[in-house]
Amino acid sequence: MSTSDSADTTSSSSASSNQKQPQEENQDELIIKQQREIEQEIAYSNPLVSESQAINSLNSEYLDDAVYIAKVKDLASKYRAIRRTRPDGNCFFRAFAYAYLEYLVRNKDEFTRFYEYAAKSRERLTEAGFPRFTIEDFYETFMEVINKVKPDGDNNTAAALVELHKLFNEQGYSDYVVVYLRLITSSHLQERADFYQNFIDGNYTIQEFCRQEVEPMYKESDHIHIIAICSALEAGVRVEYMDRGDGNQVIAHEFPDGCKPNVFLLYRPGHYDILYPNNEVQ
């Protein structure tokens, strides 16, 4: 083979390899795009927050699954209903916000305390380093939602709860509330960085963790998010964990430890929904 032939062969092989690499990259991008489209389709086929449903409605999701059926039975011994949230990565903050406002609407003194905190929260965030112009719209919408569901006498509770459900199913209002709670959570974590640093895996600083895992929409929440928002708002949350672990019972954790919970959530791997205890006043 001549030097010229060898060069041509090498050139042809190199060109073929170069063509193959972009094709492989394009295939990977296509797969990722398809996965995202499927996830979005699943998410948007669900309401942001559903109507209340009987707790036994969970059984339809676990037909022929003895482990989960047993755990649904245990859950039903403590809770009468479930309210589902859209599985879009914002489910914890959306579920928490909805359930906490439900509680506040029914408890006027607590609503007043929370309202005073919320009204001053913009100043707290700007003092924590968030530019005022970036949080202004979120703050205004957050306060608008609170004012729209503010109880006005005993006879207005039912109307306030109807308005709450309506607002949380309007994307603009619902998502802005989620964004603002994420900012409050981030601010609280950074204010107490020395304490919360112990809860963070890897080499993240608190600031890096907040920028990457707390503030962005569609980022899933973990224990540290729950602890921080509960501490910031002086709220109590009980989370019932239902997975394929040992035993026939769901496992409850309270945030903070030993609190009297006013928000009840169901956690299944990667997702939070709202629960309503059997002894709760409807």
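Visitor: What separates Tyr 100 and Tyr 103 in helix H3?

Guide: In this predicted model, Tyr 100 and Tyr 103 are 3 residues apart in helix H3 (residues 91–106), so about one helical turn lies between them.

Visitor: Why is the aromatic pair of Tyr 100 and Tyr 103 called stacked?

Guide: The ring centres are 6.2 Å apart, and the planes make 15°. A pair needs centres within 6.5 Å, and planes under 30 degrees apart count as stacked, so Tyr 100 and Tyr 103 meet both conditions.

Visitor: How do you know that Tyr 100 is buried?

Guide: Its relative accessible area is 2%. Buried means under 20%, so Tyr 100 qualifies.

Visitor: What makes the pair of Tyr 204 and Phe 209 edge-to-face?

Guide: Here the centres are 6.1 Å apart and the planes make 70°. Angles over 60 degrees count as edge-to-face, so that is the name for Tyr 204 and Phe 209. As for exposure, Phe 209 is buried at 10%, whereas Tyr 204 is partly exposed at 27%.

Visitor: How many aromatic pairs does the count come to?

Guide: It comes to 19. There is also an aromatic cluster whose members include Phe 93, Phe 96, Tyr 100, Tyr 103 and Phe 142.

Visitor: Why do you say that the charged end of Lys 150 sits over the ring of Tyr 115?

Guide: The charged end of Lys 150 is 4.6 Å from the ring centre. The distance limit is 6 Å, and the charge must also lie within 35 degrees of the ring normal; Lys 150 is listed as sitting over the ring, so it passes both tests.

Visitor: Now to the sheet. What makes E1 and E4 edge strands?

Guide: The open sheet has 6 strands in the order E1-E2-E6-E5-E3-E4, with mixed pairing. Strands E1 (49–54) and E4 (251–255) each have a single partner, so one side of each has no neighbour in the sheet.

Visitor: How do you know that E3 and E5 pair?

Guide: Pairing takes at least two bridges, and 5 join E3 (residues 237–241) to E5 (residues 263–268), so these parallel strands pair. Among the partners, Glu 240 is matched with Leu 266 in E5.

Visitor: Which residues touch the most other members of the largest nonpolar core?

Guide: Of its 56 residues, they are Phe 96, Phe 114, Phe 142, Phe 168, Leu 181, Leu 233 and Leu 265. Helix H3 gives the most to this core, with 12 residues. Beyond its neighbours within four places in sequence, Leu 181 is in contact with residues including Phe 96, Phe 142 and Leu 233.

Methods: Residues numbered from 1 in each chain as written. Predicted model: local features only at pLDDT ≥ 70, side-chain atom pairs only at ≥ 80, totals over all residues. Heavy atoms only, no water. Phe/Tyr/Trp six-rings, centres within 6.5 Å; stacked < 30°, edge-to-face > 60°. Helix = DSSP H or I, 4+ residues; strand = E, 2+ residues; numbered from the N terminus. Buried < 20%, exposed > 50% of the residue type's maximum accessible area, 1.4 Å probe, protein only. Core = buried A, V, L, I, M, F, W, Y, C linked by side-chain atoms within 4.5 Å. Contact = heavy atoms within 4.5 Å.
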